[in-house]
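Got the viewer open? Let's take a walk through this one, stop by stop.

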Amino acid sequence: GESVRVNLRENMRVNLSSPSSSPVRVENREEVRERVKNMLEGKRLEACKAREEAIKNRKKSLLRLATEALKRMDGWVERLKKFYDERLVANGKTISNYNDLLAEIEGTRSEAIASLDKASNLVDEFSCNGDNPKEVYNEFRIAMQETKTKLFEYRKAIKNLLVAIRKAAGEVKPTPITSPEND
């Protein structure tokens with residue numbers, strides 16, 4: 001209301017007194033509307049630029065977070081494989097669906113990486129000067145949610161392998177661990 005009028009008076013040097021029926025006054029109103037429209041477009045562009053910078057920062061954070069999570073989970077998988085080979089198979093115990101569990105892990109891992117690549121590519125496409133930046137932003141947000149879901153599924157697949165190994169290992173006698181100094 002009043003703050004808009006004060007802002008227009010001060011910044012645009014426009015007299016917003018009572019409406020007049022003179023043709024000069026009508027032209028002035030059209031000019032004011034055009035100036036206000038341009039001012040709003042400028043504000044929208046500034047907001048879009050700020051959003052673009054925030055999205056790029058989120059991309060960096062997402063990539064860093066996801067790659068760290070993938071490295072950590074890959075380490076878990078390697079340790080589980082090593083334990084299975086060295087402890088269980090060495091003691092004659094096997095898991096009937098071991099290869100299926102590994103295939104599930106590899107499949108969910110590749111889906112997580114593909115989802116992460118999709119989100120990364122969407123950020124590269126985002127531009128305030130593009131056709132529809134709002135739509136690209138929404139697609140990016142959905143792709144980020146999908147990436148989180150895929151990482152969760154990858155972790156769940158690893159847990160399934162862990163549970164299977166624990167069940168099989170419950171029947172295995174622990175082997176003593178020797179230190180390198182004793183050898």
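Before we go pocket hunting: a pocket here is an open set of points on a 1 Å grid over the protein atoms alone, with protein on both sides within 12 Å along at least five of seven lines. Keep in mind, too, that you're looking at a predicted model.

**Stop 1: colour by confidence**

Start with pLDDT colouring. The protein chain averages 78, and 75% of the residues score at least 70. Which elements sit at the two ends of the confidence scale? Select residues 2-12: this is helix α1, whose mean pLDDT of 56 is the lowest among the elements, while α3 has the highest at 89. Now pick residues 20-24, where the pLDDT is below 50. Beyond near neighbours in sequence, that stretch has two contacts in the model.

**Stop 2: the second largest pocket**

Switch on a surface and select R58, S61, L62, R64, L65, A69, R72, T147, K148 and L151, the residues lining the second largest pocket. Its volume is about 180 Å³. Which elements give two or more residues to this lining? Those are α2 and α4, and α2 gives the most, with seven residues.

**Stop 3: along helix α3**

Next, select residues 98-125, which make up α3. Put a distance label between the C-alpha atoms at its two ends and you should get 41 Å. How does that fit with a helix? At 1.5 Å a residue, the 28 residues should span 40 Å, so the two values agree.

Now highlight the buried residues of α3: Y98, L101, L102, I105, T108, A112, S115, L116, A119, S120, L122 and V123. Zoom in on one of them, S120. Is S120 buried or exposed? With a relative accessible area of 14%, S120 falls under the 20% cut-off and so counts as buried. Leaving out residues up to four places away in sequence, S120 touches K59 and L63.

**Stop 4: salt bridges**

Time for the charged side chains. The count comes to four salt bridges in this model; we'll visit some of them.

Stay on α3 and select E111 together with K150. Their side chains meet in a salt bridge, with N to O at 3.5 Å. Which parts does this pair tie together? K150 lies in helix α4 (residues 133-169) and E111 in helix α3, so the pair links parts that are 39 residues apart in sequence. E111 is partly exposed, at 38% relative accessible area.

Keep K150 selected and add E153. These two form a salt bridge as well, the closest N and O atoms being 3.8 Å apart. K150 and E153 are three residues apart in helix α4, so about one helical turn separates them. E153 counts as partly exposed, at 30% relative accessibility. Show E111, K150 and E153 at once and you have one network, joined by salt bridges that share partners.

**Stop 5: over to helix α2**

For the last stop, select residues 23-88, which is helix α2, and find K81 and E78 within it. Their side chains meet in a salt bridge of 3.9 Å, N to O. The two are three residues apart, about one turn of the helix. How exposed are K81 and E78? K81 is partly exposed at 27% relative accessibility, and E78 is also partly exposed, with a relative accessible area of 49%.

Notes: Residues numbered from 1 in each chain as written. Predicted model: local features only at pLDDT ≥ 70, side-chain atom pairs only at ≥ 80, totals over all residues. Heavy atoms only, no water. Helix = DSSP H or I, 4+ residues; strand = E, 2+ residues; numbered from the N terminus. Buried < 20%, exposed > 50% of the residue type's maximum accessible area, 1.4 Å probe, protein only. Expected span 1.5 Å × (residues − 1). pLDDT = per-residue confidence, 0-100. Contact = heavy atoms within 4.5 Å. 1 Å grid on protein atoms, 1.4 Å probe; cavity = no way out; pocket = protein on both sides within 12 Å on 5 of 7 lines; lining within 4 Å. Points joined across faces, edges and corners; volume = space filled by probe spheres on them.
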